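I wanted a record of what I looked up in this structure, entry by entry. The notes below are in the order in which I took them.

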Amino acid sequence: MKNTWTISMIFFTCSLLLYASVESKSLDPYKVLGVEKDASSRQIQKAFHKLSLQYHPDKNKNKGAQEKFEEINNAYEILSDEEKRKNYDMYGDARGNPGFDGGAHGGHTYFRSGGGPGHGGGFTFSPDEWQTMGGQSGGSKSYSFSFGGSGGDSPFGFDVGDVFSNFFGGGMGGGMGGSGSQFGGFGGGARSSPKNMVSINSQLYKKEVTEKGVTWLLLSYTPSMKGTQHFESIIEEIGNSLKGALEVGSVNCEVESSFCKELGIRPKNKPRVYIYSYKSIEIGSLIEYTGDGTLKDLKSFVQDHFPKFSKRVTLTEFETKFNTIESLPKLILLSTKKDTPVIWRALSGMFRKRFIFYDTQVKDVSDPLVENLGVDKLPAVIGLLSNGEMKVLKSGIHVKDMKSTIKELGLLFDGFEKKNKKLGSNSDNEGIPLLRATNFDLICGEKTPVCVIGVFKSAKGREKLHKILSSVSQKSLLRRQNPASGPRDSVSYALLDASNQSSFLYAFDKSGFKSLDMLLVAYKSRKSKFSAFTGDVTFEEVERFVGSVLNGDVQFSKTRQKPTLK
């Protein structure tokens with residue numbers, strides 16, 4: 001009787017496997033996702049995302065749509081995994097074994113088991129498990145099962161004992177009663193971690209996420225949780241589209257339990273998505289995403305939380321904002337964009353402690369202000385050193401991709417910062433600004449009682465004047481801060497390159513002081529008066545001249561015309 005029962009079971013099992021094998025021929029994962037066999041990972045991901053939204057159980061309640069959704073997820077499970085896809089292409093089986101019929105494609109079949117006592121011994125399909133993807137959820141499991149292996153002496157081409165071991169989890173001796181009767185011993189198991197995403201622990205979180213000024217999109221999950229693969233897919237797609245500006249990672253809260261508890265990100269019933277953002281404060285913060293879970297909605301959430309350290313200014317505000325004297329060097333982006341570009345926002349977060357960022361919208365390079373800055377192509381980045389010297393760092397920026405553009409501009413910024421530090425190390429203070437059209441009103445305008453301008457024609461002359469005026473300005477500052485020294489006269493200091501701005505000097509002298517390599521001009525813009533020092537430029541003589549200007553001991557003359565800079 002026992003032998004008869006055993007033979008009957010073997011016959012039943014083999015018939016069932018043969019039937020499932022035939023049925024599985026139609027489940028070609030490439031056909032399910034509607035992609036070619038040579039499709040790229042990106043194409044597969046996009047196809048999966050599009051179809052998963054179309055057949056999502058929350059949007060389609062009919063059974064056919066739910067079954068289709070299950071097929072889509074199973075197909076993506078194979079094709080999104082490099083090893084499984086390779087095995088499927090070779091054997092028709094994602095596990096790397098020849099199929100039941102000797103390796104034909106389509107031999108990969110999916111089953112569902114009953115979840116426990118009371119569910120019976122047959123195969124069951126649960127549409128609400130669409131997001132499980134190989135993990136447990138409640139009483140049900142999702143499995144990938146193949147009819148593989150060499151059969152030794154078995155006439156069926158596989159080891160019957162192995163088949164029963166896979167079905168019942170303990171070989172043929174387990175009997176049919178109790179928990180052993182449930183179809184719960186299949187291979188497969190839960191996902192260990194999302195693919196193509198950095199696995200984050202407490203050490204990496206501190207080193208990579210919180211200290212570098214880069215925006216991170218993080219998935220908090222446990223391997224058995226529904227919905228992990230759905231969020232993983234759209235997070236990876238967003239990460240790919242914003243590569244260079246955004247990093248993506250995941251935290252397995254089953255493994256990193258105490259870390260998840262510390263951050264307060266442990267998921268309960270479904271995965272949770274967070275963004276580590278430097279939106280507008282110096283220190284980043286972890287913000288949870290609570291939207292509808294679609295690609296469009298999550299991408300909008302991410303872009304809204306990119307850094308916003310760049311000050312958006314209009315052209316009319318440009319002159320005042322950009323030329324405010326501060327200790328850090330400044331960067332401004334000129335573009336035709338109505339809003340601050342994502343790349344610039346990302347850079348403003350990465351370099352937020354090293355530069356002051358601005359950006360402005362311009363129509364084209366024919367704008368007088370743009371022409372005056374020496375920009376011939378848009379978009380363009382202009383740098384302003386701490387001493388007021390301006391430089392066009394890059395014009396006609398071509399964005400091949402976000403990652404390479406951010407890297408290129410980052411290297412440019414590094415070099416500009418080094419130049420600014422070198423300038424600071426060569427002087428005793430933050431530097432004497434170089435006069436030009438865009439900062440003249442700020443430094444030597446009508447609000448400044450007197451402006452002392454060091455005029456030079458050579459690099460040697462500039463270096464000498466810069467050093468002298470830096471020391472003199474510090475002394476005069478201390479003098480003005482001393483209440484015993486009387487009224488606090490306001491004086492500003494600047495340098496002028498006469499080789500590039502010769503027309504400026506014609507306002508004071510009809511010859512433009514052509515015979516001099518260096519001189520000093522004390523200019524009162526409000527009264528249109530000036531006084532020039534054309535003697536030997538030494539520290540003592542310059543200090544004496546400035547002291548006489550502040551004390552009112554120097555005679556001022558009317559300017560020939562209003563001085564202008566180009």
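The entries cover the whole chain, then the packing around one helix, then four single residues.

**Entry 1. Whole protein**

I noted at the start that this is a predicted model. I looked up the secondary structure and found 18 helices and 18 strands in the protein. Of its 566 residues, 48% count as buried. I then looked at how far along the chain the contacts reach. Taking contacts between residues at least 6 apart in sequence, 71% join residues at least 24 apart.

**Entry 2. Helix 8 with helix 3**

I turned to helix 8, residues 228–241, and its packing with helix 3, residues 41–54. Their axes come within 10 Å and cross at roughly 130 degrees. That angle makes helix 3 oblique to helix 8, since only angles over 145 degrees would count as roughly antiparallel. The crossing of helix 3 and helix 8 is left-handed.

I listed the residues that touch. Helix 3 brings Arg 42, Gln 45, Lys 46, Phe 48, His 49 and Leu 53 to the contact. Helix 8 meets them with Gln 229, His 230, Ser 233, Ile 234, Glu 236, Glu 237 and Asn 240. Sorted by class, this contact of helix 3 with helix 8 has 3 nonpolar, 6 polar and 4 charged residues.

**Entry 3. Helix 8 with helix 4**

I next checked helix 4, residues 63–79, which packs on helix 8 at an angle of about 60 degrees with the axes 12 Å apart. Helix 4 is therefore oblique to helix 8. The crossing of helix 4 and helix 8 is left-handed.

From helix 4, I recorded Asn 73, Tyr 76 and Glu 77 as meeting Gln 229, Ser 233 and Glu 236 in helix 8. The residues in this contact of helix 4 with helix 8 divide into 1 nonpolar, 3 polar and 2 charged. Gln 229, Ser 233 and Glu 236 also appear in my list for helix 3.

**Entry 4. Helix 8 with helix 10**

I then looked up helix 10, which packs with helix 8 at about 50 degrees, the axes being 10 Å apart. That makes helix 8 oblique to helix 10. The crossing of helix 8 and helix 10 is right-handed.

Here helix 8 uses Ile 234, Ile 235, Glu 237, Ile 238 and Ser 241. On the helix 10 side I found Leu 295, Leu 298, Lys 299 and Val 302. By class, the contact of helix 8 with helix 10 has 6 nonpolar, 1 polar and 2 charged residues.

**Entry 5. His 305**

I followed the chain past helix 10 (295–304) to His 305, which sits in the loop before strand 9 (311–313). Is His 305 buried or exposed? Its relative accessible area is 10%, so His 305 is buried. The His 305 side chain reaches the backbone oxygen of Phe 301 at 2.9 Å. Setting aside neighbours within four places in sequence, I found His 305 in contact with Thr 215, Ile 275, Ser 277, Tyr 278, Lys 279, Ile 287 and Arg 345.

**Entry 6. Glu 288**

I looked up Glu 288 in strand 8, residues 285–288. Glu 288 counts as partly exposed because its relative accessibility is 30%. Its side chain makes a polar contact of 2.9 Å with the side chain of Arg 272. Leaving out neighbours within four places in sequence, Glu 288 touches Arg 272, Val 273, Tyr 274 and Phe 301. I also noted Leu 218, which is 70 residues away along the chain and 9.4 Å away, C-alpha to C-alpha.

**Entry 7. Ile 406**

Ile 406 is in helix 14, residues 402–425. Its relative accessible area is 7%, so I entered Ile 406 as buried. Beyond neighbours within four places in sequence, its contacts are Gly 244, Ala 245, Ile 343, Ala 346, Leu 347 and Met 350. Of these I checked Ile 343, which is 63 residues from Ile 406 in sequence and 6.8 Å from it, C-alpha to C-alpha.

**Entry 8. Tyr 506**

My last entry is Tyr 506, in the loop between helix 17 (502–505) and strand 16 (518–524). Tyr 506 is partly exposed, with a relative accessible area of 27%. Apart from neighbours within four places in sequence, Tyr 506 is in contact with Ser 511, Gly 512, Lys 514, Arg 560 and Gln 561. Pro 563 is 57 residues from Tyr 506 in sequence, with 7.6 Å between their C-alpha atoms.

Methods:
Residues are numbered from 1 along each chain as its sequence is written. This is a predicted model: local features need pLDDT of at least 70, side-chain atom pairs count only at pLDDT 80 or more; totals for chains, interfaces and linings use all residues. Side-chain values use heavy atoms; hydrogens and water are left out. Helices (H or I, at least four residues) and strands (E, at least two) are DSSP runs, numbered from the N terminus. Buried means under 20% relative accessible area, exposed over 50%, partly exposed in between (1.4 Å probe, protein chains only). A polar contact is a pair of N or O atoms within 3.5 Å; within protein, one must be able to donate a hydrogen and the other to accept it, and residues adjacent in sequence count only if both atoms are side-chain atoms. Contact means heavy atoms within 4.5 Å. Axes are lines fitted to C-alpha atoms, for helices over the stretch in contact, and angles run from 0 to 180 degrees between N-to-C directions. Angles under 35 degrees count as roughly parallel, over 145 as roughly antiparallel, 65 to 115 as roughly perpendicular and the rest as oblique. A crossing is left-handed if the near helix is turned anticlockwise from the far one by less than a right angle, and right-handed if clockwise. Ala, Val, Leu, Ile, Met, Phe, Trp, Tyr, Cys and Pro count as nonpolar, Asp, Glu, Lys and Arg as charged, and the others, Gly among them, as polar.
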